[in-house]
Amino acid sequence: MLLLSSQEIARGVQRLAQAIRQDYAGCNPLLVGVLKGAFIFLADLVRALGMPVEIDFVRVATYGSATLPSRPARILSGVRISPKGRDVLVVEDIVDTGYTTHAVLTYLQRLSPRSLRTCVLLDKPSRRRIPVPIDYRGFTLPDRFAVGYGLDKGEAYRWLPAIYALEEGEHGPAPSHRRGEG
Ligand code: 5GP
Ligand code: MG
C-alpha cells in the first residue's frame, strides 16, 4: 500500500530543508546520516539545502525487527569527522522504538558538539519505547512497516522511489507491483 508518493516525499524534504537552512544559516553544520536507511533521504536533503554542510555517517547495530521486540542499540561504526564544537544534525530515516536514535545521540553527545539536533523523515510515535527529541520531522506514520526510499526489509525494497507499507506477512513481489490494489 502506498504511504507516501515520491512527490509527497520531495515536498516534505523541501519543507525540512527550508527550516534547517534558516536555523543553520552560516553554521556549516555536520550532518550525520544513520546507515543504511538514511542514505537516500540524506542525499536528497543536502541537495535541497543548497548550503555548505559536511557529511559523515554512523552505523548502528539494532537487535529489533518487525517481529521481535527491540533492545538497546549500539554503535558499530562511528564518525570520522570530529563533532567537537560543531553544530551536528543527525539524519535518520525513521524513528520507531527510539533505541537507535537514542544510541546515536548518546554517542555524539559524548564527543562535545556545540549543538546536537535530529532530522527524521518518518516518525512512528505509537511504537516509542524510549523518548527521543525530534527537531525536524518529515512525516508521522501509523504503526505499519514502511519500505522504499532507503528503507528495507531484509535488504529488499530500498531502491523504491516511494514509501510503501508492507502488507502483513508479505514476502512476494516488490510493493510497486501492487500499486493500485486495495
Ligand atoms: P528504532 O526502533 O531503534 O527506533 O529503529 C531502528 C531501526 O529499525 C530504524 O533505523 C530502521 O532501520 C528500522 N525500522 C524501524 N521501523 C521501520 C519500518 O517501518 N520499516 C523499515 N524498513 N525499517 C524500520
Ligand atoms: Mg535508521
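Biologist: How far does a backbone N or O atom of Tyr 99 lie from an oxygen atom of ligand 1?

Modeller: This is a predicted model, where local features need pLDDT of at least 70, side-chain atom pairs count only at pLDDT 80 or more, and totals for chains, interfaces and linings use all residues. Residues count from 1 along each chain as its sequence is written, chains are lettered from A and ligands numbered from 1 in the order in which they are written, and side-chain values use heavy atoms, with hydrogens and water left out. For that backbone atom of Tyr 99 and the ligand 1 oxygen, the distance is 3.5 Å.

Biologist: And how far is a polar side-chain atom of Thr 97 from an oxygen atom of ligand 1?

Modeller: Let's start next door, with Asp 96: a backbone N or O atom there sits 2.8 Å from a ligand 1 oxygen. With Thr 97, a polar side-chain atom does the job, and its distance to an oxygen of ligand 1 is 2.5 Å.

Biologist: How much of ligand 1 does the protein bury?

Modeller: Picture ligand 1 taken alone: it exposes 500 Å² (Shrake-Rupley method, 1.4 Å probe). Put the protein back, and the buried part of that area is 86%.

Biologist: Which element gives the largest share of the shell around ligand 1?

Modeller: There are 16 residues around ligand 1 (a heavy atom within 4 Å), and Thr 97, Thr 100, Lys 124, Ala 146 and Asp 152 come nearest. By class, the shell has 6 nonpolar, 4 polar and 6 charged residues. Helix H3 (99-109) and strand E5 (87-95) each chip in at least two residues. The largest share, 4 residues, comes from E5.

Biologist: Which residues coordinate the magnesium ion?

Modeller: That ion is ligand 2, and its coordinating atoms are an OE and an OD, at 2.1 to 2.4 Å. Both of the residues involved are buried (under 20% relative accessible area, 1.4 Å probe, protein chains only). They are Glu 92 and Asp 93.

Biologist: Is Phe 41 buried or exposed?

Modeller: Phe 41 belongs to helix H2 (residues 39-49). Val 120 is 79 residues away from Phe 41 in sequence, and the two are 9.2 Å apart in space, C-alpha to C-alpha. The relative accessible area of Phe 41 is 1%, so Phe 41 is buried.

Biologist: What does Cys 119 count as, at its relative accessibility?

Modeller: Compare two cysteines here. Cys 27 has 27% relative accessibility, so Cys 27 counts as partly exposed. Cys 119 has 0%, so Cys 119 counts as buried.

Notes:
A polar contact is a pair of N or O atoms within 3.5 Å; within protein, one must be able to donate a hydrogen and the other to accept it, and residues adjacent in sequence count only if both atoms are side-chain atoms. Ala, Val, Leu, Ile, Met, Phe, Trp, Tyr, Cys and Pro count as nonpolar, Asp, Glu, Lys and Arg as charged, and the others, Gly among them, as polar. Buried means under 20% relative accessible area, exposed over 50%, partly exposed in between (1.4 Å probe, protein chains only). Donors are N, O and S atoms within 2.8 Å of the metal (3.2 Å for Na, K and Ca); water is not among the atoms, so sites may look incomplete.
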